[in-house]
Amino acid sequence: MAETLRLEIITPQAIVVSEDVNMVTLPGVEGQIGIYPQHVRLITQIVPGEIIVTKNAQESSYAVGEGLVEIGPTHVAIVTDMAIHADHIDESKVE
């Protein structure tokens with residue numbers, strides 16, 4: 001079995017995601033950050049944008065607001081003010 005990362009996305013309202021994934025791409029302050037298992041430890045800021053999650057060769061996306069991310073060899077923990085799965089975004093409300 002391929003190595004995985006434990007991804008948790010937490011907002012003030014709920015735990016939006018808590019699952020094992022293969023890769024996470026985050027909107028960092030200086031550009032996108034790609035995270036695979038065994039990543040070096042890092043705490044950084046994320047900016048509003050898109051998180052792309054790869055699990056079993058399937059990608060899913062989340063719209064996120066500002067927040068912080070803690071990255072370790074086996075986990076990615078994101079605390080943000082907003083996180084919505086792309087399938088749940090109401091495009092009429094966005095416009």
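**Exercise 1. In what sense do β1 and β2 pair, and over how many bridges?**

Before we start: this is a predicted model, where local features need pLDDT of at least 70, side-chain atom pairs count only at pLDDT 80 or more, and totals for chains, interfaces and linings use all residues. Residues are numbered from 1 along each chain as its sequence is written, and side-chain values use heavy atoms, leaving out hydrogens and water.

*Solution.*
- Strands are DSSP runs of E, at least two residues, numbered from the N terminus; they pair if DSSP finds at least two bridges between them.
- β1 and β2 pair in the antiparallel sense, over 6 bridges.
- Here L7 sits opposite E19 of β2.
- The two strands make a hairpin, with 4 residues between them.
- β1 also runs parallel to β9, joined by 5 bridges, and E8 has A77 as its bridge partner there.

**Exercise 2. Work out which residues of β1 are on its covered face, and what β1 gives to the largest nonpolar core**.

*Solution.*
- L5, L7 and I9 make up the covered face, while R6, E8 and I10 are on the uncovered one.
- A nonpolar core is a set of buried Ala, Val, Leu, Ile, Met, Phe, Trp, Tyr and Cys residues joined through side-chain atoms within 4.5 Å.
- The largest one has 19 residues, and L7 and I9 are among those with the most contacts inside it.
- β1 gives the most to this core, 3 residues.

**Exercise 3. Is T25 buried or exposed?**

*Solution.*
- Buried means under 20% relative accessible area, exposed over 50%, partly exposed in between (1.4 Å probe, protein chains only).
- T25 lies in β3, and it counts as buried because its relative accessibility is 12%.
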